[in-house]
Amino acid sequence: MNRSLRLIRRRLLTSIPALLIVIILTFLLLETAPGDAVDAYLLSIGGGDAGVAASLRQAYGLDQSLTARLWLYLTALARLDLGWSTAFERPVIDLIAERLPNTLALMGSATALSFALGSTLGIIAGAKPESIKDIMLSTISLILYAIPSFWLGLLLSLLFAVQLRWLPTSGIETIASGKTGLYRLMDIARHLILPVGALTLIYTALFLRVMRAGMVEAWKLDFVLFARAKGLSRTRLLLRHVARNAALPLITMLGLQAAAMLGGSVVIESIFAIPGFGRLAQEAVTGRDAPLLMGIILVSAVLVVTVNLLVDLVQAAFDPRIGASEASS
Amino acid sequence: MNLIHKLMKTPEGAVGFIILAIMIGIAIMASTISPGDPLRIAGRALVAPFTDPALPLGTDRLGRDVAAGIVHGARTSLLVGAAAALAAIVLGLLVGLVAGFCSGIVDEVLMRVVDAFQIVPGFLLALAFVSVMGASLPVVVLAITLGAWADPARLTRAQVLSLRERDYVAAAKVIGMHPAEIAVRQILPQALPPVLAISATLVAAAILTEAALSFLGLGDPNSVTWGSMIAEGRNVLRSSPWLSILPGLALIITVVGVYLLSEGLAKALAGDGPAMQGKLRNGAAP
């Protein structure tokens, strides 16, 4: 069988049961919450009598048994129906589809920038382990990686938006600016500089550390020693052999980071008031909107699975051993 | 003792050890250093830091002592970090041990559960868990644990799988040792080191997650946390930025201390190998 197909099949074989477990566990968790969507809704409109509550519960299907509702949810899911958001009075899938692109733009650009920057700096640091350059880069990256993104975001906005007034403090674009086309894109880019910058600084530190650690290991490999003995030029050895070998764990890291980034979007979008996926999660929590929260968790799990599948395929392209046989995992 | 001696010989380990020792000291002595409720009003509102000797780090917009908040915040931060990491390691060891040792359908089912916890962003899970259960210290610890136990579980299982085929395990079977006893007394101690190696990272991640949760207002409302202090300071960020900056610095110093200690430990443990290794490594680096 084709290698890529085999990889996809293997990933799906484990991911689909895992996704099913995610759905069931999340469903049970949100069920244990005291009060339901109707309580939250009635509270928001100033209350209502028992009759109103009962009819609303019937309309939402909340009067049925737990298993019946889980089954109802699963069958609706099969039709790509994620339910009805009680806080926004809109279908959950529409809300997520509306917010997700902002988060993907934010996380995508931060990942691309930090990956490029981090791997380059990692090569510089790992070129000569324990050299002055390495110690400096390692120390800086260690400190950067300890900084919480929301604190860095606050500081950057204090410096560049409040003090220097170079950049906007929050939002994804200037409200009612009437900008279109390229001008609108540039406006969005200006708004994204600070959040992307904060995330890039932190993720660069991570990628730098992973790349450097991989390089330190690669220098010890037999074939690198052999290539040195053979008299290969330093640059060629460094880039073609050592760095190439260290790049694989870096790509694995991308897959592992996908989940952390989606989680991290909550705080960074809260700081910069970006109407994205993470902020939606926070709004779902404040609005006690169980269907929305459920949909958000489910969609994020599907996204993480997809990213990991892509990482599998990229790695297979780099390393012919991956997915070459049926047996290995 | 020997390990601590080796640890102190690495620069990372020594600095990390000192930072954490100070932080833990502050956390333990919090009530002695600044007695009374840190959330009480201690003076005028928005006193700037380093202006009043009685309030060395100033006050926030309700007149609460910032220094007291930072001192008591250390307690919450370290307590939650250590408790969540410990719970994640214990749960991970247990699940990994059972999955690796039983294999077959048990392994298959447990690993799909581990997968499920790895594909859901830990922070979203924590957010959902706290919002359902209500914010309190034990709930926050449990919420962070939920997102953290899958990695140690996977690591333990891999380790158990490689250990269970060893001769000494076969020998234990031959002498009629109970499988549970083999798992706990023969395999578990050997499976422990790689899991302990990531424990520092787990503590650091737990501290940062707790800070983020309380920053969003989902921490325990009855205890001071650095995250909630940063959030509180955010309201007056323009006029009194120190209110957000100071607790953030405390947070960063603590997490750096944990990272340094973990690097020092890794170096100290690696140093146990033959001296040859180090020579080869230096020789290989041009």
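Helix pairs whose axes make an angle over 145 degrees count as roughly antiparallel, while those under 35 degrees count as roughly parallel. With those cut-offs in hand, let us walk through this predicted model.

**Two helix pairs in chain A**

Start with H11(A) and H12(A), whose axes cross at roughly 150° and come within 8 Å. That angle lies on the far side of the upper cut-off, so H11(A) and H12(A) run roughly antiparallel to each other. Their crossing is left-handed. On the H11(A) side, the meeting residues are A:Phe277, A:Leu280, A:Ala281, A:Ala284 and A:Val285, and they face A:Leu292, A:Leu293 and A:Ile296 of H12(A). This contact is made up of 8 nonpolar residues, with no polar and no charged ones.

Now turn to H7(A) and H10(A), which pack at about 20° with 9 Å between their axes. Here the lower cut-off applies, and H7(A) and H10(A) are therefore roughly parallel to each other. The crossing of H7(A) and H10(A) is right-handed. H7(A) brings A:Ser149, A:Phe150, A:Gly153 and A:Leu154 to the contact, where they meet A:Gly264, A:Val267, A:Ile268 and A:Ile271 of H10(A). The residues of this contact comprise 5 nonpolar, 3 polar and no charged.

Here are the two pairs side by side.

| Helix pair | Angle between axes | Axis distance |
|---|---|---|
| H7(A) and H10(A) | about 20° | 9 Å |
| H11(A) and H12(A) | roughly 150° | within 8 Å |

**Where chain A touches chain B**

How many residues does each chain bring to the contact? Chain A provides 45 residues and chain B provides 37 residues. On the chain A side, the helices that each supply at least two residues are H1 (3–31), H6 (132–145), H7 (149–163), H9 (222–230), H10 (234–271), H11 (277–286) and H12 (290–318). The four helices of the pairs above, H7, H10, H11 and H12, are thus among them. H10(A) gives the most to this side, with 9 residues. By residue type, the side of chain A that touches chain B holds 35 nonpolar, 7 polar and 3 charged residues.

**Chain B as a whole**

What is the partner chain built from? Chain B has 13 helices and 0 strands, and along the sequence its pattern is α-α-α-α-α-α-α-α-α-α-α-α-α. Its C-alpha atoms fill a box of roughly 75 × 50 × 40 Å along the principal axes. Of the 286 residues of chain B, 48% count as buried. Among the contacts in chain B with a separation of 6 or more, 68% come from residues 24 or more positions apart.

Technical notes:
Residues are numbered from 1 along each chain as its sequence is written. Chains are lettered from A and ligands numbered from 1 in the order in which they are written. This is a predicted model: local features need pLDDT of at least 70, side-chain atom pairs count only at pLDDT 80 or more; totals for chains, interfaces and linings use all residues. Two residues are in contact if their C-beta atoms, placed from the backbone, lie within 7 Å. Ala, Val, Leu, Ile, Met, Phe, Trp, Tyr, Cys and Pro count as nonpolar, Asp, Glu, Lys and Arg as charged, and the others, Gly among them, as polar. A residue is buried if 20 or more other C-beta atoms lie within 10 Å of its own, exposed if 12 or fewer, and partly exposed in between; C-beta atoms are placed from the backbone. Axes are lines fitted to C-alpha atoms, for helices over the stretch in contact, and angles run from 0 to 180 degrees between N-to-C directions. Angles under 35 degrees count as roughly parallel, over 145 as roughly antiparallel, 65 to 115 as roughly perpendicular and the rest as oblique. A crossing is left-handed if the near helix is turned anticlockwise from the far one by less than a right angle, and right-handed if clockwise.
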